[in-house]
Amino acid sequence: MNRLFCISLLFALIFTGFANTLSASDSVTVHVKNANSGEPVKLGIPFPKGTLYSPDHVRVLNEDGDEILSQTTEVSTWEPADPSVKWLWVFFFTDESGEYTIEYGEDVRKTVQIENPIVFKNNQRTNGGAEVNTGPLYFEVNKGGSGFLDLVQLDTNGEGFTDDNIVATAIEGRGSFLDYINDSGIDTSRAVVHQQFIEKGSGPLHTIIKVVGEYEYSNPEHENSPFVTYIHAYAGKSYIKVYHTITYTGKPDKSEPLNGKQHADIATQPELIINEQERGQDEGLTEPYDMIESTGFRLQYNLDGEKTFRSELLTGNWWEEGESSVYEASVGNESRYSVFQTGPDATMTANEPNSTNEERIDGFKASISADGNTLEESQKAAGWVSISDNEFGVSIGIRNMMEEYPNELVVDIETGEVYAYTWSPNEDPMSFERNDMGNDGGMVGNFATGLTKTTETIFYFHEGSKTLPEIKETMEFVLDPPVAHADPSWYGKAGVYGFFADADNNFPDLERAMQYKFQWMLFNQNWEPWYGMFTYGDVKNYYFGDDWYQWANNEPSQDYMWWTNFIRTGDPEMYKMAQAASRHTMDVDNTHWPAQKGYRGDTNSSLDWFLSEQEEEGSPYLGMGRRHAGQQWISMLSAHVWLTGWVSSYYLDGYHRGLEIARLTGDYYIRRIFGDHGLRGRRLYLSIWNLSELYDATKEDKYLDELNYRVELALELQKRQGGRMGIDRYGYSQNYLSHGLTKYLQMFDRPDIEQAYLTHARSLRDVPPIDHDYESYLSSIHPLITAYDLSGESEFLVEACKRATNLMIDPMSQPFEDYETQAELQTAMEDVSNLPMTASNSFFSRRMPIWSFSMGLRIFGWTTNYSVPYLIERLGALDDTSAYQCAD
């Protein structure tokens, strides 16, 4: 492979030139994969600046060119640079088409109108509640009720709702629950709803209710535990999709109280500092205390007469897709049915189980049982259960039932109740103690208190005559959802994340550096395995001695990497992993509690304001992330939080929690709890990127004020750092500045920032950063690309391409999916890699370098993911007949 530069590159750059131009059209093609007819689809799609000025000027056509019902929501704009739409949510129901066309433009209007829109009543008074009518389905969520659905009615004949239509009711205070257990025994929760809101994206076809409440406990040592439930309802449908977030507020272990002392790495004051050596002698850190005994949902169904129970397992090994094995039986003398899914060491706190590099681990088990007697058994549950009589049926499903084990779906015939346990009481309680007393990440800590977990479920209320295939097809809307995606080239040309190439390009040696890596991580997720309720979505960082080490906890915005690779490829596997990664990191890798409740003004008493002002401030670390470590919650660091993927999940997936938690981190920046420490080094560079994305999504002045302060500070510090904006200590974080300032310059005309960045990039070009060996050297590629865009100077692109030759990957000798073991695939990964070994005689020279191709995504983000798609796009714009291509 030729890795030297042809002189023709320079001349091609000089005479050909390059411009990021986009010829906007009046339509975008959308592909929908894995969809049954009539399924809801919500697509986040970007628009280039200046091409769309109203969400009302959009409509959706099917493959026959016929307009179908659709609902559009403006998510964000290009302001302050331009008032045009930047991101749009498009909602519609699928038909038999595999492709759809989104038409947009000044003269475009919807001509098909919905005849029976959703009716949503929201009474926020003290004893009020929310009422939703989708046509066939009516349900209520009441303050003072169960904490979930309090009344469900199903209109099977179109004659309206009466008491004869009641299909389910609530168990007071126990519609949803989070029960703890410790030395004092089980402490059952009582759910209390405080508020319910209509969420952004609600309309006549699709409505979202946000329910906010707390779990209260009888044991005074247990603090109330906040919960948030998003309920998605659909016009003409009798099912709902539910996102439910619990918050762990317990004491995770039996360690001695810190009495105000803080770890030095995250101290907000200098006096009360933990002695880590002494802390390492406290054996209580490895002894569990408050554990999750069970959590989930509970409903009382209203069925009489002969009943039918249905469910499904999957055949084969746990790592295989498997064939369907359905179970259907008439209920006789059975009093309780259960579908239970578990796996190896669900708590992940003893000796974390994993496969060898030659053989996968066992330990996954799924079963259907009646009164404790196993009826069917396999390694994987499909994730749903159904009970019906001649008139009504209730079906419930849990998404990722195996991946987020242990789960259980229960039908209690004797009491007439159904349960969806997202942590099953038939598994050992979930505990959060440390595995050992080792110093991990510079501290001996435990920060489990304040983490959260979000689960996704479907509740389907239907006629009793529905067949098993009909029930199964509906459940798959959530359990195996459709994936909607515009043409991959559209996202890069829209410019919302800068201009980049899609995966179908003429630079295979560079593109393999991307796709092989992501496939390698998916392979390991399904080999190690990286599954479990508080683990799924995370991956590990380092592969040494035939084993993996350290949970990544998202550094450096790994979920964002999955999202951007999804939009570059349209691959449903990338979409699924992007979802899982974002939901894991915003839940488990962040700090959510204790927090002030805040004052909304939805009561009439002025006293409520003054009482809210007396609330305790809460944790100073709200919105701050955990550090990569042996367990997800045992180490923290001030610079460890990345919100770009969360905002992407909000844009692309319509996932409201993404922006909600991004705001939590934005507010953490504003508080500046670490003084000037938080405004220096990589903390400064990362915050500029995070705040640029957050302000762009919210347009809230408080985030802009903080962003502007930090940008100006970076410019000031540059004057003392030899022209470089970043200091050499954090050379690997060059991408934070380049991507953050690129986003900033999308919104603001700042020639002074452009010139300052060019000064910075010249320094990186002329004195290559090697302070972290090739980790920093390769991280400088995107800054050089940015400088080329700002200046048009070819030398920057020449140098970027030169450095990128280290990233080129040869083709494997056989298709990726043909490798059978981790050992075989890891060897193949290194055989095709051209990454350099260390250039120094340091410690790194005595082991495989951490940027090697078979490592995880941490270093890959800095060296490859944030630069290669952008480099390919610039090189692809050159004249192919005269310009050197970074491939054979």
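**Aromatic pairs and nonpolar cores**

Tyr239 and Phe477 are both buried (under 20% relative accessible area; exposed is over 50% and partly exposed lies in between, with a 1.4 Å probe and protein chains only). The model is predicted, with local features requiring pLDDT of at least 70 and side-chain atom pairs pLDDT 80 or more, while totals for chains, interfaces and linings use all residues. Residues are numbered from 1 along each chain as its sequence is written, and side-chain values use heavy atoms, leaving out hydrogens and water.

Rings of Phe, Tyr and Trp (its six-membered ring) were paired if their centres lie within 6.5 Å, planes under 30 degrees apart counting as stacked, over 60 as edge-to-face and the rest as tilted. The count by this rule is 65 aromatic pairs. In one tilted pair, Tyr138 and Phe161 are 5.8 Å apart centre to centre, with 40° between the planes. Tyr138 is buried at 12% relative accessibility, whereas Phe161, at 26%, is partly exposed. Tyr239 and Phe477 also form a tilted pair, at 5.4 Å centre to centre and 45° between the planes. Ring pairs further join a cluster that includes Trp87, Trp89, Tyr497 and Tyr866.

The largest nonpolar core (buried Ala, Val, Leu, Ile, Met, Phe, Trp, Tyr and Cys residues joined through side-chain atoms within 4.5 Å) comprises 158 residues. Ile45, Tyr497, Leu510, Trp562, Met812 and Leu871 have the most contacts inside this core. Another core, of 64 residues, lies apart from it and includes Val193, Trp384, Val411 and Ile458.
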